[in-house]
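Q: I'm new to this one and would like a close look at a single part. Could you walk me through the salt bridges and where they sit?

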Amino acid sequence: MASRSMKMPDDFNIFYLLKDAFFLESPDEPMDETREETIPPYQGLTGLRNVGNTCYMNAVMQCLSSVSPLVEYFLSGKYITSLDKEKGEIATAFAYLMNDMWLGDFDCVSPEVFRLVIGEQYPAFLKKTQQDAQEFLIYVLNELHEALKKSTKRRSQGTTSTGWESRPSVTESSIITRLFEGHLSYYIMCLECQTTTYKNEIFTVLSLPIPYETECSLEECLECFFQQDMLTWNNQITCSCCGTKQDAAVKASIAKAPKIVIFHLKRFDCQGSYKKKLKTDIYYPLNNLDLSPYIYPLFRKNPKYSLFAVVNHFGDLDGGHYTAFCKHTVSQSWYNFDDSQISEIPECALQTPAAYLLFYSNQSFSVPVKN
């Protein structure tokens with residue numbers, strides 16, 4: 001366990017969990033008392049112990065640890081003023097783990113406390129079985145948002161073919177929404193009477209279909225997601241004008257692009273008893289990813305996005321192993337995070353058919369500071 005290098009609030013007895021977790025080693029991985037812990041070469045280069053099939057957790061946490069504005073928000077203590085103490089256990093445990101990974105003294109720490117705390121809300125994560133990294137990521141982002149959100153009232157507008165509608169709404173803002181939240185707008189047209197409506201949807205992760213089995217590009221996945229689709233049979237809409245269910249055409253666009261966009265590549269195809277993992281080799285750019293073709297209305301030229309983290313999944317649906325590639329803000333080098341093991345890798349090693357989650361940012365990251 002890393003040393004407590006900063007004073008943090010402890011309304012949830014996280015410190016006592018930390019003391020206990022120091023001795024909670026996986027029975028398959030007994031603590032080696034003769035092993036000497038070493039100081040990491042850079043802040044933020046800290047491995048995470050696998051405490052029982054927790055590679056999915058470790059990979060996601062390394063990627064979130066690479067989001068400098070998020071890390072700095074917790075290291076600086078800014079999160080404390082927004083913390084809802086009735087929902088703050090997970091956020092507090094997250095803060096402790098970021099503190100260990102960035103300001104601790106050891107090259108490897110245990111995520112056991114965070115696993116225990118989030119497992120109280122989601123018992124599946126307490127089981128020492130493999131879980132889905134994308135689902136875990138969404139749970140973490142949702143819980144951090146719920147613990148740190150501030151609500152404000154405003155009037156929002158929606159539109160139909162007959163005009164604009166204004167209605168009161170409550171907007172919830174947090175460090176999560178400011179960094180990760182984007183808005184999708186769905187254009188829906190009834191094929192019977194041509195009435196058009198718009199439906200808005202908030203996202204933090206975009207799940208992209210994979211159009212080909214052998215190889216394709218990220219741009220082709222995006223084009224497949226944003227192409228016009230037909231809603232027929234069981235997917236028909238109830239048309240407000242016709243008053244009955246009708247076939248419809250629907251097309252999505254990005255109404256608001258987030259600062260950080262996370263793409264989930266839908267490699268797992270599960271339909272009833274049929275299970276399959278797509279091992280398609282997907283080319284994804286490291287820099288200059290342009291989302292403007294999918295943004296409407298395009299008020300200004302949007303900045304390009306650069307890759308800064310990847311979650312990889314090796315193996316099949318019923319097993320396998322997760323790792324992460326992350327760009328380090330201090331050294332600007334790429335590293336492979338494989339639980340407790342960390343190794344520097346060249347950019348040419350980043351393209352792999354194991355890529356499962358892609359993290360892009362439209363701004364460069366500075367080194368997170370505690371102040």
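A: Let's start with the term itself: a salt bridge here is a side-chain nitrogen of Lys or Arg within 4 Å of a carboxyl oxygen of Asp or Glu. Keep in mind that you're looking at a predicted model. A search through the whole structure turns up six salt bridges.

Take Lys87 and Glu146 to begin with. Their side chains meet in a salt bridge at 3.7 Å, N to O. This pair links distant parts of the chain, 59 residues apart: Lys87 is in the loop between α3 (68–75) and α4 (89–103), while Glu146 is in helix α6. Both ends get some cover: Lys87 is partly exposed, at 38% relative accessible area, and Glu146 is partly exposed too, at 28%.

Glu146 has another partner. It forms a salt bridge with Lys149, where the closest N and O atoms are 2.8 Å apart. Lys149 is partly exposed, with a relative accessible area of 21%; since buried means under 20%, it doesn't count as buried. Put this together and you get a network of salt bridges linking Lys87, Glu146, Lys149 and Glu172.

Now, what is helix α6 doing besides holding Glu146? The helix covers residues 133–148 and lies across β7, β13 (260–265), β17, β18 and β21, running at about 40° to β21. Those strands belong to an open sheet of seven, in the order β7-β13-β21-β17-β18-β19-β20, with mixed pairing. At the edges are β7 (205–208) and β20 (341–345), each pairing on one side only. From one strand to the next, the twist averages 20°. Inside the sheet, β17 (residues 306–314) and β21 (residues 355–361) run antiparallel and are joined by six bridges. If you want a spot to find on screen, look for Val311, which stands opposite Leu357 in β21. Helix α2 (residues 55–64) packs on this sheet as well, touching β17, β18 (321–327), β19 (334–338) and β21, and its direction makes about 10° with that of β18.

Back to the salt bridges, with one more pair to look at. The side chains of Asp316 and Lys279 meet at 3.5 Å, N to O. Asp316 lies in the loop between β17 and β18, and Lys279 in the loop between β15 (274–277) and β16 (281–283), so this pair ties together parts that are 37 residues apart in sequence. How open are the two ends? Asp316 is partly exposed, with 47% relative accessible area, whereas Lys279 counts as exposed because its 51% is over the 50% cut-off.

Conventions: Residues are numbered from 1 along each chain as its sequence is written. This is a predicted model: local features need pLDDT of at least 70, side-chain atom pairs count only at pLDDT 80 or more; totals for chains, interfaces and linings use all residues. Side-chain values use heavy atoms; hydrogens and water are left out. Two strands pair if DSSP finds at least two bridges between them. Helices (H or I, at least four residues) and strands (E, at least two) are DSSP runs, numbered from the N terminus. Axes are lines fitted to C-alpha atoms, for helices over the stretch in contact, and angles run from 0 to 180 degrees between N-to-C directions. Contact means heavy atoms within 4.5 Å. Buried means under 20% relative accessible area, exposed over 50%, partly exposed in between (1.4 Å probe, protein chains only).
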